[in-house]
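Work through the exercises below with the model in view. Try each task before reading its solution.

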Amino acid sequence: FFSECPHPDENQRRQLSKELGLDPKQIKFWFQNKRTQLKVIDFIYETHNERADNNTLRAENERIQCENLAMREALRNTICSACSGSSNICEEEKHHNLQKLRTENMRLKEEVIVTN
């Protein structure tokens, strides 16, 4: 009966109390408790899903940070094609590469948000 009518009116509660041999208040409280119990179960399920999503996002964030770090390290060791410098990249190319990194990081972050 609960799945069909989780909020019985007074007449329905009275009818159930007669059929079950219980006081109408007992029926009323049983329905209240059952609704509360279902809300708690739903809350626990939602919390579990949110935690799983949070863990996934943290792992993805860590992966992106490691990727970013690797890109920065690669930039430090790049040879400048304009001035043929080995470890000192000319400022223009350094700025260009940094901008590419930022753009790629933003794209990856948006991708993570969209997929979750």
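Three short exercises follow, each with a worked solution.

This is a predicted model, in which local features need pLDDT of at least 70, side-chain atom pairs count only at pLDDT 80 or more, and totals for chains, interfaces and linings use all residues. Residues are numbered from 1 along each chain as its sequence is written, and side-chain values use heavy atoms, with hydrogens and water left out.

**Exercise 1.** Place Ser17 and decide: buried or exposed?

Step 1. Find the helix. Ser17 sits in α1, residues 10–20. Helices are DSSP runs of H or I with at least four residues; strands are runs of E with at least two; both are numbered from the N terminus.
Step 2. Check the area. Ser17 has a relative accessible area of 7%, so Ser17 is buried. Buried means under 20% relative accessible area, exposed over 50%, partly exposed in between (1.4 Å probe, protein chains only).
Step 3. List contacts, meaning heavy atoms within 4.5 Å. Beyond neighbours within four places in sequence, Ser17 contacts Leu22, Asp23, Pro24 and Ile27.

**Exercise 2.** Do the same for Asn105.

Step 1. Asn105 belongs to helix α3, residues 91–115.
Step 2. Its relative accessibility is 10%, so Asn105 counts as buried.
Step 3. Leaving out residues up to four places away in sequence, Asn105 touches Ile64 and Asn68.

**Exercise 3.** Describe Gln32.

Step 1. Gln32 is part of helix α2, residues 24–76.
Step 2. Gln32 is partly exposed because its relative accessibility is 31%.
Step 3. Pro6 is 26 residues away along the chain, yet the two C-alpha atoms are 8.6 Å apart.
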